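Student: Could you take me through one part of this model in detail? I'd like to look closely at the main pocket and whatever is built around it.

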Amino acid sequence: MRREAVVEHIELNPLGEFRMGCDAYGMTIKTNFGEIETFRDVPVMIGQTDHSKFVEQSSCKGYLLIKGAFATYIVDIKDQTISVYRATVRGVNNEWCDENPIYGKETCHVQGFSRHYHLQFPFVRKDRFHQVFGDYEALRRRQIQELTNAL
């Protein structure tokens, strides 16, 4: 029998002033299945300290939805894995693209929130997440650069 996932505590990590008058915060999420420190140095919240507006647990209690400033993440609490639903990718010359990341062939449907999420980015172990997501962002930056060079 598997235990129900419980979010025990969400700790904010001040990252300093993001833009004039707005502080940015990363977060560490403590659950009964382990601690998720992946977002400790990621500006998830900007100008807010009420994490209840940014973090939602699914009705099945198995997933967390994190609506960050520049990405929306889905965390599988029991497996300690992370996927990305939406991300803002910035190019080298201030171009940017707000997109649903598609990486690999894996897809997944997650329900239990106020809406349905179709993920096209794989669930990645929390310790490898920044590496895999960084590879995706590097690929997209090259594509954005090639596109703008073609104009």
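Here is a walk from the pocket out through the strands and helix beside it, ending with the charged pairs.

Tutor: Sure. Keep in mind that this is a predicted model. Let's start with the empty space itself: the largest pocket holds about 230 Å³. It is lined by 15 residues, and those closest to its centre are Val42, Phe70, Tyr73, Phe133 and Glu137. Three elements give two or more residues to that lining, namely strand 7 (71–76), strand 8 (81–90) and helix 1. Helix 1 gives the most, with 5 residues. Sorted by class, the lining has 9 nonpolar, 3 polar and 3 charged residues.

Now for strand 8, a good place to follow the walls outward. Of its 10 residues, 9 are buried, so strand 8 is largely enclosed by the rest of the structure. Strand 8 pairs with strand 7, the other strand named for the lining, in the antiparallel sense over 6 bridges. In that pairing, Val75 sits opposite Ile82 of strand 8. The hairpin these two strands make has 4 residues between the strands, and Gln80 takes a positive phi there, near 60°.

Strand 8 has other partners too. With strand 9 the pairing is again antiparallel, over 4 bridges, and Val89 faces Cys97 of strand 9. This pair also makes a hairpin, with 5 residues between the strands, and Asn94 in the turn has a positive phi of about 70°. Strand 12 (residues 124–125) pairs with strand 8 as well, antiparallel over 2 bridges, with Thr81 opposite Arg125 of strand 12.

Strand 9 brings us back to helix 1, by way of a charged pair. Arg140 forms a salt bridge with Glu99, and the closest N and O atoms are 2.8 Å apart. Arg140 lies in helix 1 (residues 129–150) and Glu99 in strand 9 (residues 96–99), so this pair ties together parts that are 41 residues apart in sequence. Both ends count as buried, because the cut-off is under 20% relative accessible area: Arg140 has 18% and Glu99 has 10%.

Arg125, which we met opposite Thr81, also has a charged partner. It forms a salt bridge with Asp127, the closest N and O atoms being 3.3 Å apart. Here the accessibility reads otherwise: Arg125 is partly exposed at 46%, while Asp127 is exposed at 60%. Salt bridges that share partners also join Glu11, Lys30 and Glu35 into one network.

Within that network, the side chains of Lys30 and Glu11 meet at 3.4 Å, N to O. Lys30 belongs to strand 2 (residues 22–31) and Glu11 to strand 1 (residues 7–19), so the contact ties together parts 19 residues apart in sequence. Lys30 is partly exposed at 27%, and so is Glu11 at 36%. The two strands are also paired through their backbones in DSSP terms, antiparallel over 10 bridges, with Leu12 opposite Met27 of strand 2. Their hairpin has 2 residues between the strands, and Gly21 takes a positive phi near 80°. Counting across the model, there are 6 salt bridges.

Notes:
Residues are numbered from 1 along each chain as its sequence is written. Side-chain values use heavy atoms; hydrogens and water are left out. A salt bridge is a side-chain nitrogen of Lys or Arg within 4 Å of a carboxyl oxygen of Asp or Glu. Buried means under 20% relative accessible area, exposed over 50%, partly exposed in between (1.4 Å probe, protein chains only). On a 1 Å grid over the protein atoms alone, a cavity is a set of points where a 1.4 Å probe fits but cannot get out, and a pocket is an open set with protein on both sides within 12 Å along at least five of seven lines; lining residues have an atom within 4 Å of a point. Grid points are joined across faces, edges and corners, and a volume is the space filled by probe spheres set on the points. Ala, Val, Leu, Ile, Met, Phe, Trp, Tyr, Cys and Pro count as nonpolar, Asp, Glu, Lys and Arg as charged, and the others, Gly among them, as polar. Two strands pair if DSSP finds at least two bridges between them.
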